[in-house]
Amino acid sequence: MVRNALKAFAVIGGLLAAMPTPARAAGEAIAIPRAGFSFDGIFGTYDRASAQRGFQVYKEVCSACHAMRLLSYRNLRELGLTEAQVAQIASQFTVMDGPNDEGQMFERPARPSDRFRRPFPNQQAARAANNGAYPVDLSVITKARAGGADYIHALLTGYQDPPDGVTMMEGMNYNRYFPGHQIAMAQPVYPDQVEFADGTPATLDQVARDVATFLAWAAEPELEERRAMGVKVIIFLTILGGLAYAVKRKIWADVH
Amino acid sequence: MAIGLHNSDFKNPVVRWIDQRMPIFTMMQKEYGTFPTPRNFNYFWNFGALAMVNLMIMIATGIFLAMHYTPHTSYAFDSVERIMRDVNFGWLIRYVHMNGASMFFIVVFIHIWRGMYYGSYKAPRELLWMLGVVIFLLMMATAFMGYVLPWGQMSFWGATVITNLFSAFPFVGEWIVSLLWGGFSVDNPTLNRFFSLHYLLPFVIVGVVFLHVVALHITGSNNPLGVEPKGPQDTLPFHPYYTAKDSFGLVIYFIVFAGFVFFAPNYLGHPDNYIPADPLVTPAHIVPEWYFLPFYAILRAVPDKLGGVLLMFGSIAVLFVLPWLDSSPVRSMRFRPIARVAFLLWTVCFFVLMYCGAKPAEEPYVTISRLATAYYFAYFLVILPLLGRLERPLPLPESIARAVLGGGGPLPAGAAAKPMEKA
C-alpha cells in the first residue's frame, strides 16, 4: 500500500517536474546571475537595513521618474522605521487634496496614510518627460519580471558601452541584461552617488542590492508572514498525515 | 409508525424525527456509509474526492475575493493588489484561489488519466464519463475567465487571443466574438461579463458534479482490475474504509497545495500578469496558463485558423465519444498489453504538447507539436478502435476478491455494513 501511495504521488511529482512554467518557457536567452539575497530560499527574510537603504536610493534617485502607486508611507513601518520617522518622511512630500469646503483643490504635506507621491500626473506626462519612454511603476516590479530581484540587481549593474558592431538606436543605452540590450533608461545610479547614513560604502553592487531588496519587499510585503505560516502549516499537515495514515492502516488491518 | 413517514433506522430522537420526514440521513448512510465499494482501489481513486474538496475550496475563497475585487478595467489590477496588501489574510485567500486553480487541474488531469487507464468510461459508465467531460469543459471556461479578472498583461492578451479564436467560425464567428466582448474589443464590458460568468459557472459545475455523483452511485465505481464486483466479498463499505483512505490522500494533497501557496505562489503563473493590462503593448510571447498549454499546442500545430480551432475543440470533444471508440470489452489496461503501451505513449504526447505549447511557434516545436497532435488523435480514432478487434487481452481474474486475497475471499469481520453513528 505504501508503495502504491508512493507510486501515485510520484506521478504528481513527475507532473510537477514536467510542467514547463511559462516564465521559463517564454525565456529570454540572457541568463540572470543570482545575486544572493537575504530573502532567497525557503526561510529567507528581508534584510531591514538593506531595504531601508534601498528606500533611500528610491527616494533620492528612482522616484524622480518611477512611481510606486500601491505603496503608502505608512507601509515603511514594516521596514523598521518608527512612526515619527515615517511621518517625517511623508511630510517632505506635497500632495494634492480636496476639494475643500469652498470646492477648491489644495496642496498639503503628505501624511503616513498617503500613497507614495507620483512623479508624473499621468502616463502621457511621464512619456513626454522621458523621450517617449514610460518609466514603469515599481510597486510589484520583482513579481513582474522573470528573475525578480536578481533581475533588478543585474539590470542596475549591467550598463556598459555597446560592444563593437552593435548599432544603438537614438537615445538608447546598452545593458547586458535587458531583453534586446537596448534600454531607454540611462544608467540611473553610479557608485557613491548616494551617501548612506549607516556608513555602508555605496558601491554600485551595494546600491543595486539594496534597491532590489527594497523593491522585493514592496512587491511581496507578506513574504515573511507567508513563509512563517507555511512552515507551521506543513509541520501540522505532516503530523496529521502520519495520524491519518496510522488510522487508515488500523482500519484496513482486517481486510488485507 | 405514522402513515406517510419514512421508516428510519436511526435511534437518536432528533435525527430520527427529521429522517422520518426527510430521509437525508438514510440517504447519506446509504451513499457514503454502507455504499459497497470495490475493495481493491489504489490511491488513484482518491482524486475524485480531492477534486470535490478542491471545488469547495475554490468557491469558498472565491466568495471572499469577490467581496474585495472590483471588476473594472481601471481598478481590477489595483483591487487585487489591495487584497494582497490591505485585506486581512487577503494574500492567503488570493494565493489559495490562484494556486487552487492549478491544483484543480492537476487533480482533474490525474482523475481523467485514471479513468482512461482503467477503462472507467466503458459501459455501463458512459454517461458518468460524459458528465465528467462536461465538468472539465466548464472548468476550463471558468479558469480562463478567472485568469482575465486580475487584468494583467496576460489576462488581457490571453483573453484577446482566445476570444478571437471564435471568429474563425464561418457566418456566426464575428457575432460570437462581439457577444463575448460586449463591444468591439476586449474592454470593460468583457471584464464585467467574465466576472459575472466566473461567479456563475462554479455553481453550474456543482450541479453537474452532483449528477456525476448520482450516476456514479447507480453504476458503482470501477476499480484497478476493471472487473465488476460479483458479491459482498468483493466490496467494502465506503465508510470507514474509503473515508479513511481518502483522508490520508487529502492530507498529502494539502501538503502539495501548501507548498505552492506558501513557498512558490507565483511559480505556476506568468510574471507578465503583474504588469497592468495595456492594449497598446503586446507581450513578446502570449502564453496561456500551464493547464491550457497542450490544447494551445494543438491549436498552433495547424497552419489554418479554423482547422486549428476545430482540432483544439475536437481534442476535448473526442473524449465524449471515447466509450464508443474503444470497443474492447476489457476495461483495465493491466490486461491490455498493447493498448497499455499505446496509452502511455499518448500520455507522453500530452506532456510533449504541454511543453511545446509554452514555446514560441517556431521549429522544431511546430513539427514536434504536429507529430504529437497526430498521435493524440490517432490513439482515439485509429488505435483504440483497431485494438478492440486485434488485441488479445490477458486472462481476467475471476473476481476482485480472488485477485486481491488469493483465495475465495471470506467476508472480513469489519466489512459488514455498520451504521455511521457507531463507527
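Start with chain A coloured by confidence: the lowest mean pLDDT, 42, belongs to helix 2 (residues 22-25) of chain A, and the highest, 97, to helix 8 (residues 223-252) of chain A. The pLDDT is the predictor's confidence in each residue, from 0 to 100. Helices here are DSSP runs of H or I with at least four residues, strands are runs of E with at least two, and both are numbered from the N terminus.

This is a predicted model, in which local features need pLDDT of at least 70, side-chain atom pairs count only at pLDDT 80 or more, and totals for chains, interfaces and linings use all residues. Residues are numbered from 1 along each chain as its sequence is written, chains are lettered from A and ligands numbered from 1 in the order in which they are written, and side-chain values use heavy atoms, with hydrogens and water left out.

**Confidence**

Select residues 19-28 of chain A. The pLDDT is below 50 there, and the stretch has 26 contacts in the model beyond near neighbours in sequence; a contact means heavy atoms within 4.5 Å. Chain A as a whole has a mean pLDDT of 89, with 88% of its residues at 70 or more.

Go to chain B, where the mean pLDDT is 93 and 96% of the residues score at least 70. Its lowest helix or strand is helix 16 (residues 400-405), with a mean of 83, while helix 5 of chain B is highest at 98. Residues 408-423 of chain B fall below 50, with 30 contacts beyond near neighbours in sequence. For the complex, the predictor gives an ipTM of 0.89 and a pTM of 0.91.

**Backbone stops**

Most residues other than glycine have a negative phi, and most peptide bonds are trans. Select Gly98(A) and Pro99(A): the peptide bond from one to the other is cis, with omega near 5°. Pro99(A) is in the loop between strand 1 (94-97) and strand 2 (106-109) of chain A.

In chain B, Ala123(B) and Pro124(B) are joined by a cis peptide bond with omega of about 10°. Pro124(B) sits in the loop between helix 5 and helix 6 of chain B. Then pick Phe89(B), which is not a glycine but has a positive phi of about 55°; the loop that holds Phe89(B) runs between helix 4 (76-86) and helix 5 of chain B.

**A helix pair**

Show helix 11 (residues 293-301) and helix 15 (residues 365-390) of chain B, whose axes come within 9 Å and cross at roughly 110°. Axes are lines fitted to C-alpha atoms, for helices over the stretch in contact, and angles run from 0 to 180 degrees between N-to-C directions. Angles of 65 to 115 degrees count as roughly perpendicular, so helix 11 of chain B and helix 15 of chain B are roughly perpendicular to each other. Residues to select in this contact include Phe295(B) and Ile298(B) of helix 11 of chain B, and Tyr376(B) and Phe377(B) of helix 15 of chain B.

**A cavity**

A cavity is a set of points, on a 1 Å grid over the protein atoms alone, where a 1.4 Å probe fits but cannot get out; lining residues have an atom within 4 Å of a point. Grid points are joined across faces, edges and corners, and a volume is the space filled by probe spheres set on the points. There are 5 cavities of 30 Å³ or more, and the largest has a volume of about 110 Å³. Finish by selecting its lining, which includes Phe144(B), Met154(B) and Phe292(B). Helix 7 of chain B gives the largest share of that lining, 5 residues.

Note on methods:
1 Å grid on protein atoms, 1.4 Å probe; cavity = no way out; pocket = protein on both sides within 12 Å on 5 of 7 lines; lining within 4 Å. Parallel < 35°, antiparallel > 145°, perpendicular 65-115°, else oblique.
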